[in-house]
Amino acid sequence: SAARRGASRRASFVVVANRLPVDRVENPDGSQEWRTSPGGLVTAFEPVMRTHRGAWVGWPGSPDDDVEPFVHNDLQLEPVHLSADDVELYYEGFSNGTLWPLYHDVVAPPAYHRDWWDRYVTVNERFAEAAARVADDGGQVWIQDYQLQLVPQLLRQLRPDLKIGFFLHIPFPPTELFQQLPWRSQILQGLLGADLVGFQLPGGAQNFVRLVRQRFSYETRRDRIRTPDGRTVVARAYPIAIDSSSMHDLAMSEETAARAQEIREDLGNPTTIFLGVDRLDYTKGLPERIRAFGELVADGAVDPADAVFLQVATPSRERVEQYRILRDDIDRLVGRINGDTGLLGRPPIIYLHNSYPREEMAAMYRAADVMVVTPLRDGMNLVAKEYVACRDGDNGALVLSEFTGAAKELRQAYLVNPHDIDGLKSTMLAAAGDSSRNKARRMRIMRRHVFDHDIDHWAGQFLDDLGKLGPGSDY
Ligand code: ADP
Ligand code: G6P
């Protein structure tokens, strides 16, 4: 096995995230294996850890699982234990029932429960203690995402010698939404424990600085905050990226080309393959996109003998109520459209509720003529960047929601407002029917951007900045 047990080693570079890059999964025959964890955070961070080495502190993905520190595929992994109650109150509850919807523009109603908050505090303390154990003297610790916003301050109390960075992978909300949170001051104080707080977009960083100024009257200047204990905290945007060249190389391999051809044949050799790839999440705008495609078929603008929509959705947070509701909604919507408009052997929508290896994803991207990315709100959306990295030549079109971080960079995408079903329909048609020349030009510009701003560049910028801040610096 690729996993090797070992005692914790101290590391001068430590990443702390709710999840480890791999999940422990149990097979039907009772055997266990490690599988890549879902979501963009892990996609982005895995290559960062390969470049910068160090240790990764996180949860192995199932409740009540006691795992010793171990090495997996060359990465040093330091498991944090979560009980079934922790998973329910801290992970499903406060992280994904309160913070996730609140930070995504309340597209679902956030719930505020004091016992969820109490457990969020307790579990954040546990992550801070684990990081404090693993980090070497004067080391750098980089804390990730909304599940761990108290860790910067808690860790600073335990280990004032460390340089502490924090990066929020999801949007930081407008100030008036953030103010709903009964524990808003504690969250801000938690983040202020870091030397550098990173956001996807400049607007998020500005919202954070404004809130700190309003709530605590700390002195702020542009992206800098002075705390009463005399520290400087910097809040800045670092739009996250992907490992573009390895994604590209994978997509361009002969095996992937053959698999892409096979996928096209399995789908009945349609002229146009539309593709959606997401975690099954209510922020992703799945019903909007499926409804729009269904209407195109019903209107006769799209012929199901000629076009197909392939939607791949990774199961996600399945015990959280809003996710259950979404799953049922999608099942019903897809069933209705296929039943009403499908031809024998040619359902217009192929819906796969499953996750696939990177190789298979690359083949799907390569097979797809139109990639449809329609979140109602998304911090970045790496799927859009992956699609661009997998394209070559003069075909392929990206339909992209204005409400993603990626839309700020990929300006040559066919941009849409996913709330506008008519706009979505006409943009999907326009993207499919555009000339090769136009598609090639748009893709070339986006490809250059995705290659020039890859994950190495991203991590390098954050860590360079962090290196200049913190204990011992006079920034
Ligand atoms: P989020 O982080 O909200 O899930 P992103 O688009 O930023 O959204 O990242 C999603 C990541 O998960 C991408 O790397 C994508 O390739 C991967 N992914 C999404 N759906 C699937 C799937 N069905 N199977 C395998 N990987 C998937
Ligand atoms: C998004 C979040 C990550 C999270 C991932 C998967 O990318 O920003 O923090 O890990 O979704 O979600 P999950 O709840 O399964 O960890």
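**Close-up 1. Buried residues of helix 1 in the predicted model.** In helix 1, the buried residues are G40, L41, T43, A44, F45 and V48. The elements covering these buried residues include strand 2, strand 8, helix 13 (382-389) and helix 16 (455-468).

**Close-up 2. Length and end of helix 1.** Helix 1 consists of 13 residues (residues 40-52). At 1.5 Å a residue it should span 18 Å, and because its end C-alpha atoms are 19 Å apart, the expected span and the model agree. Just after the helix comes R53, whose phi is positive, at about 60°.

**Close-up 3. Strand 8 and its two parallel partners.** Strand 8 (residues 135-144) has 10 residues, of which 7 are buried, so the strand is largely enclosed by the rest of the structure. Strand 2 (residues 11-19) runs parallel to strand 8 and is joined to it by 5 bridges. One position of this pairing can be located through V14, whose bridge partner in strand 8 is V141. Strand 9 (residues 163-167) also runs parallel to strand 8, again with 5 bridges. Here I143 has F166 of strand 9 as its bridge partner.

**Close-up 4. The crossover from strand 8 to strand 9.** Strand 8 and strand 9 run parallel and are joined by 5 bridges. Between them the chain passes through helix 4 (residues 151-158), making a β-α-β crossover that is right-handed.

**Close-up 5. The shell around ligand 2.** Around ligand 2 are the residues N18, R19, P38, G39, G40, L41, D145, H169, I170, S316 and R317. Strand 2 and helix 1 are the elements that give two or more residues to this shell. Sorted by class, the shell holds 3 nonpolar, 5 polar and 3 charged residues. Two of its members, G40 and L41, are also on the list of buried residues of helix 1.

**Close-up 6. The shell around ligand 1.** Ligand 1 is surrounded by 16 residues, and the closest are G40, T43, S355, L382 and V383. At least two residues of the shell come from each of helix 1, strand 14 (272-279), strand 15 (307-314) and helix 13. By class, the shell divides into 7 nonpolar, 6 polar and 3 charged residues. G40, listed here among the closest residues to ligand 1, is also one of the residues around ligand 2. T43, another of the closest residues to ligand 1, is buried in helix 1. Helix 13 appears both as a supplier of this shell and among the elements covering the buried residues of helix 1.

How values were computed. Residues numbered from 1 in each chain as written. Chains lettered and ligands numbered in written order. Predicted model: local features only at pLDDT ≥ 70, side-chain atom pairs only at ≥ 80, totals over all residues. Buried ≥ 20, exposed ≤ 12 C-beta atoms within 10 Å, placed from the backbone. Helix = DSSP H or I, 4+ residues; strand = E, 2+ residues; numbered from the N terminus. Pairing = 2+ DSSP bridges. Right-handed = clockwise from strand over helix to strand, strands pointing away. Expected span 1.5 Å × (residues − 1). Contact = placed C-beta atoms within 7 Å. Near = placed C-beta within 6 Å. Nonpolar A, V, L, I, M, F, W, Y, C, P; charged D, E, K, R; others polar.
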